[in-house]
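This report describes the fold of a single protein model, from its strand pairing to its overall dimensions.

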Amino acid sequence: VQLQASGGGWVQAGGSLRLSCVASGNIFSIGAMGWYRQAPGLQREWVATMVSGGASNHADSVKGRFSISRDYAQNTVYLQMANLKSEDTGMYFCKMSYRRVNGGTPRDAWGQGTQVTVSS
């Protein structure tokens, strides 16, 4: 099972980026998909999650600026980021919970990360 994240880059404060993360491999079903980020010297923090039913939640620090969405047919999760701030700089990781077989034990998988740098 692999999660391939992309879309990061360098942007000026106030700009926008759209991150994508595609899941592939031995997957029967996917539950929640989400995004986390980690700034240098800090712990990884949760950014947003969308469950299989479509409900989503976002960290207070990004509410109103970031929006998570999914393409269920393509096993893909997106993070649309707008009005970016310097404190949004960090490595962004996607995460999913999934089952390999029907009724199997839920597992977690992480992507490799994509770097977002916001310059003020």
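Which residue in S8 does Ile 68 stand opposite? The partner of Ile 68 in S8 is Leu 79. The sections below place this pair in its sheet and then turn to the rest of the model, which is predicted.

## Secondary structure

The protein contains eleven strands and zero helices. Its pattern along the sequence accordingly reads β-β-β-β-β-β-β-β-β-β-β.

## The four-stranded sheet

Four strands form an open sheet in the order S1-S3-S8-S7, and their pairing is antiparallel. Strand S1 (2-6) and strand S7 (66-71) each have a single partner strand and stand at the edges, so one side of each lacks a neighbour in the sheet. On average, and with direction ignored, neighbouring strands of this sheet are turned by 15° against each other.

The pairing of S7 with strand S8 (residues 76-81) is antiparallel and comprises six bridges. The opposition of Ile 68 and Leu 79 belongs to this strand pair. In general, the strands of a sheet pair through backbone hydrogen bonds, in either a parallel or an antiparallel sense.

## Strands S4, S5 and S6

Strand S4 (residues 29-38) pairs with strand S5 (residues 45-50) in the antiparallel sense, over five bridges. Within this pairing, Tyr 36 has Trp 46 in S5 as its bridge partner. Six residues lie between the strands of the S4 and S5 hairpin, where Gly 41 adopts a positive phi near 80°.

S5 is also joined to strand S6 (residues 56-58), by three bridges and again in antiparallel fashion. Here Ala 48 has His 58 in S6 as its bridge partner. The hairpin of S5 and S6 has five residues between the strands, and Gly 54 takes a positive phi near 105° in it.

## Overall dimensions and packing

The C-alpha trace spans about 50 × 25 × 25 Å along the principal axes of the protein. For 120 residues, a compact globule would be expected to have a radius of gyration near 14 Å, and the protein agrees with this because its own value is 14 Å.

Of the 120 residues, 38% count as buried. The accessible surface comes to about 6300 Å², and carbon and sulfur atoms account for 46% of this area. Among contacts with a separation of 6 or more, 54% are between residues 24 or more positions apart.

Conventions: Residues numbered from 1 in each chain as written. Predicted model: local features only at pLDDT ≥ 70, side-chain atom pairs only at ≥ 80, totals over all residues. Heavy atoms only, no water. Pairing = 2+ DSSP bridges. Helix = DSSP H or I, 4+ residues; strand = E, 2+ residues; numbered from the N terminus. Axes fitted to C-alpha atoms, helices over the stretch in contact; angles between N-to-C directions. Rg over C-alpha atoms; globule rule 2.2 N^0.38 Å. Buried < 20%, exposed > 50% of the residue type's maximum accessible area, 1.4 Å probe, protein only. Contact = heavy atoms within 4.5 Å. Areas by Shrake-Rupley, 256 points an atom, 1.4 Å probe, with all protein chains shown as cover.
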